[in-house]
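Q: Got a minute to go through this one with me? I'd like to talk about the metal site and the empty space inside.

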Amino acid sequence: MDNNNKLKKIIGPVILVLILAFMISLPLFAQNYTIILLRTILMYVALTLSWVLFSGFTGYTSLATAVFYGTGLYTAGVLNGVLPLPLLMLCSGLISAVLALIIGTITLRLRGIYFAIFTLSSVELIKHVLNWYEINVLGVRGHYVTRVDYGTVYYILLAIVVLILITTYLIKRSRYGLALSGIKSCEEAAVHTGVNATALKVLLFALSAFFIGMTGTVMATGMLYVDSIIAFNLNYSFFPTLMAIFGGMSSMFGPIIGATVFAYLQEYLITRSPDAYMFIFGLVMIITILYLPDGLVGLYVRIRELLLQKAIPQIRRKISGGKHANTAS
Amino acid sequence: MVLLINIILNGLLLGGIYAVTAVGLSLQYGVARILNIAHGEYIMVGAFLTWLVHTKFGVNPLLCLAVAGPAMFILGYLVQTFLFRKLKEKTPTPAEFEGSSMLMAFGILFVIQSIAIFLWGTNIEGYSYLAYSIYLGDIRLSVNRLVILIAALAICLLFYLLLTRTRTGKAIRAASQDPDAAALMGININRMLALCFALGAMMAGFAGMLISLVYQLQTNMGMQYTIIAIIVVVLGGLGSIPGSLIGGFLLGILGAIVNSIEPGLHMAAYYLLFMILLLVKPSGIFGR
Amino acid sequence: MQILQVEGLSKNFGGLAAVSGVDLQVESGEILGLIGPNGAGKTTLFNLISGTIAPNSGKVIFNNEVISGLKPHAICKKGLVRTFQSCKTFPGMSVYQNVLLGALFGSPGKISREQADVETREILEFTELAELSDVPAESLTLEKQKKVEVARALATKPKLLMLDEMMAGLNPTEVAESMELVRKIRDKGITVIMIEHVMKAIMNICERIIVLDHGKKIAEGTPEEISKNKTVIEIYLGE
Ligand SMILES: Nc1ncnc2c1ncn2[C@@H]1O[C@H](COP(=O)(O)OP(=O)(O)OP(=O)(O)O)[C@@H](O)[C@H]1O
Ligand SMILES: [Mg+2]
């Protein structure tokens with residue numbers, strides 16, 4: 001039994017390290033197309049993990065992902081050529097984080113669905129104002145972004161994903177992880193037990209925004225051109241949310257798998273039939289919410305339990321010749 | 001002076017549409033506690049159905065009510081019965097239901113919108129109906145907007161009578177005020193919820209018809225009307241039809257003012273107003 | 001020495017004066033009972049003192065320091081902690097984690113993880129919850145959940161503990177156990193204010209009782225005095 005537990009603890013990290021080693025070596029032998037596909041997948045994995053970092057921990061559904069991702073894209077356009085890429089990423093990460101601090105400070109006292117629709121509206125507000133500003137004040141729409149080769153972008157995204165995973169892991173293990181589960185399960189009690197819930201939530205929101213903003217800037221280098229409408233697209237808020245819900249949030253694998261499946265589906269379908277993608281997307285969302293309370297992870301756990309329940313008594317019966325079959329719990 | 005009168009008139013004309021847009025959402029949230037983010041999609045479908053029937057068969061768009069309304073009624077009924085009701089049975093607490101039903105509404109939004117794109121594409125569509133103006137002195141009135149205002153008022157009045165004067169309406173209101181007591185009195189709550197959701201969707205269909213009379217249509221236009229509907233409900237109070245009318249007119253006048261100053265910013269102004277409203281009433285924007 | 005002073009505290013909900021002009025003093029080391037009919041404003045008074053809601057007027061002085069206006073987490077860190085009438089443990093977390101959270105975040109000043117673990121175990125022993133350490137809080141009986149809440153509060157090392165109907169819904173044996181626990185807590189030097197409808201418990205363990213009705217303090221005194229007070233008897237016997 002003890003051995004079994006140890007194995008379980010090791011197996012997750014081992015799988016992650018193997019996947020990571022594989023991913024690092026991939027550009028050496030993979031085709032260009034694969035790298036481009038993986039770039040999209042990594043981008044969604046980064047967004048989804050960042051979303052889970054805040055919303056999964058606190059239980060507040062944020063639809064502000066597009067604000068921070070858009071900020072990343074847009075900053076890359078505005079500051080194109082001014083700063084080298086690493087500094088640019090840092091810069092847009094920080095701008096996104098500051099935006100998150102502002103949005104978080106004024107809204108995190110709102111109840112769940114109000115927080116969700118507030119963040120949703122903030123995407124649209126920024127989009128409309130920027131769009132108006134571009135047309136009426138600047139007189140030009142959009143900005144150009146210098147291209148960076150796919151391989152580099154791929155490695156940067158991979159690094160961001162690893163960074164988010166490590167951050168999540170460290171927070172989960174720390175005392176703040178405990179405080180966050182307290183906030184999620186009963187915020188009022190947490191607050192009366194000495195947890196500064198507001199500060200914690202706002203900081204986590206900013207941290208998550210930081211990663212999202214950086215991801216946006218990296219991705220901008222592959223788009224060549226950004227304007228307000230392209231950058232602040234609500235889908236960037238919806239997609240990570242669904243990917244996380246679909247994958248399940250009780251394990252870090254959930255969001256990764258959810259994002260991978262849908263990013264792949266999107267790459268495959270978006271050129272062929274974008275409405276089919278949206279349709280599947282919506283349908284899966286409905287089905288997941290109705291029938292898969294903890295997404296794919298929950299499904300996996302349930303299936304495993306079912307198998308164990310069936311398998312263990314059978315094995316015991318074999319061992320003990322059926323005598324103690326009814327003692328299996 | 002003329003400018004002011006024009007603004008107010010335009011605001012009132014716009015407000016009529018906004019009121020009809022909001023009434024359905026108000027009913028759905030008031031009774032079923034579902035923040036139906038997909039509300040605008042029903043409006044969009046209502047608008048496209050009107051456009052379709054009008055341009056294909058030459059039917060007077062106002063009469064397309066008879067198509068858009070019932071179609072949305074059925075859709076709403078099915079959605080409540082097969083999706084939200086199931087979800088409610090599985091969700092332990094009302095607060096959780098509020099959250100997950102909103103997410104599910106997002107899913108429904110995507111499904112409806114993708115089917116609409118499949119059927120009607122992503123181009124801007126539209127037709128013109130009574131597109132001319134009459135003048136009262138210096139004041140310009142566009143005829144189709146006037147028609148819309150009258151139609152909107154009539155729709156709201158009929159809906160009001162339906163809810164206050166008929167037995168079904170009274171049952172719905174009883175169910176919304178005290179579900180347990182209503183159930184004890186022999187009211188079938190599930191049927192009432194489905195009915196009220198369906199009626200809300202039907203009102204969205206009507207709103208779509210009205211919108212198609214003056215505005216261009218696009219399959220992605222739903223979200224903006226959802227937001228407008230939510231703002232109007234916040235302004236006018238939840239579950240009150242006269243309140244929706246007042247809220248609609250207030251927002252319409254605000255829209256007309258912004259439009260006269262800086263046309264490109266009127267949606268931004270709506271969003272800003274919405275966010276401010278959320279912040280000043282954090283205890284719950286839908287407080288009764 | 002007085003550990004808590006409340007001066008002219010008032011709170012209105014719309015037209016309703018839930019708490020109006022309440023003054024009270026709490027002596028360090030005593031067990032103070034707070035009673036009153038349903039809706040008298042007892043829980044609201046707790047909410048005001050612990051920072052859950054802000055008062056319309058009046059102030060709260062704890063340990064010679066004005067605490068009204070502070071956030072609940074800050075008040076908790078100063079050593080004033082409360083439990084909830086509708087029991088609020090952390091579902092989805094084990095009993096141990098529930099209490100550990102209190103030790104880690106509620107204690108004044110910083111505390112190391114090891115120290116917090118030690119204290120958590122001590123308190124689980126003290127409240128006789130040690131065997132239930134790994135059980136998820138939500139799967140416990142009401143009585144045990146209430147105990148977990150008390151344990152969590154104790155883990156924050158309070159000077160003043162406010163218990164909101166800790167004994168409601170418990171059977172006589174459990175009530176007796178709870179009374180014993182409250183005494184033990186006081187013997188550790190922690191001042192206790194308890195809201196209770198279970199008269200036997202209140203009369204037995206409180207040194208002093210305060211009676212609220214319609215948001216106002218209407219009587220104050222020893223259990224004997226209160227049980228003989230005419231206004232109190234009238235309220236409890238109904239006119
Ligand atoms: N957040 C609130 N909003 C509006 N009214 C409230 C709120 N909290 C309490 N009240 C009202 O204030 C009054 C006092 O309530 P409170 O909960 O303090 O009573 P109580 O003495 O604790 O009663 P009980 O013995 O039933 O717990 C009640 O009439 C209650 O309805
Ligand atoms: Mg109470």
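A: Sure. One term up front: a residue is buried under 20% relative accessible area, exposed over 50%, and partly exposed in between. Also, keep in mind that this is a predicted model.

Q: Ok, so which residues coordinate the magnesium ion (ligand 2)?

A: Thr43(C) does so through OG1 and Gln85(C) through OE1, at 1.9 to 2.1 Å.

Q: And where do Thr43(C) and Gln85(C) lie in chain C?

A: Thr43(C) is in helix α1, residues 42-50, while Gln85(C) is in the loop between β6 and α3. The pair therefore ties together parts that are 42 residues apart in sequence.

Q: Is Thr43(C) buried or exposed?

A: In between: its relative accessible area is 24%, so Thr43(C) counts as partly exposed.

Q: What about Gln85(C), what's the relative accessibility there?

A: 37%, so Gln85(C) is partly exposed as well.

Q: Switching to the voids. How many cavities of 30 Å³ or more are there?

A: Seven. The largest cavity holds about 60 Å³ of space.

Q: Which residues line the largest cavity?

A: From chain A, His192(A) and Thr193(A). From chain C, the lining includes Val81(C), Arg82(C), Phe84(C), Glu149(C) and Arg152(C).

Q: Which element gives the most to that lining?

A: α5(C), with three residues. Both β6 (80-82) and α5 (142-155) of chain C supply at least two residues each.

Q: And what's the lining like by class?

A: Mixed: three nonpolar, four polar and three charged residues.

Technical notes. Residues numbered from 1 in each chain as written. Chains lettered and ligands numbered in written order. Predicted model: local features only at pLDDT ≥ 70, side-chain atom pairs only at ≥ 80, totals over all residues. Heavy atoms only, no water. 1 Å grid on protein atoms, 1.4 Å probe; cavity = no way out; pocket = protein on both sides within 12 Å on 5 of 7 lines; lining within 4 Å. Points joined across faces, edges and corners; volume = space filled by probe spheres on them. Helix = DSSP H or I, 4+ residues; strand = E, 2+ residues; numbered from the N terminus. Nonpolar A, V, L, I, M, F, W, Y, C, P; charged D, E, K, R; others polar. Donors = N, O, S within 2.8 Å, 3.2 Å for Na, K, Ca; no water. Buried < 20%, exposed > 50% of the residue type's maximum accessible area, 1.4 Å probe, protein only.
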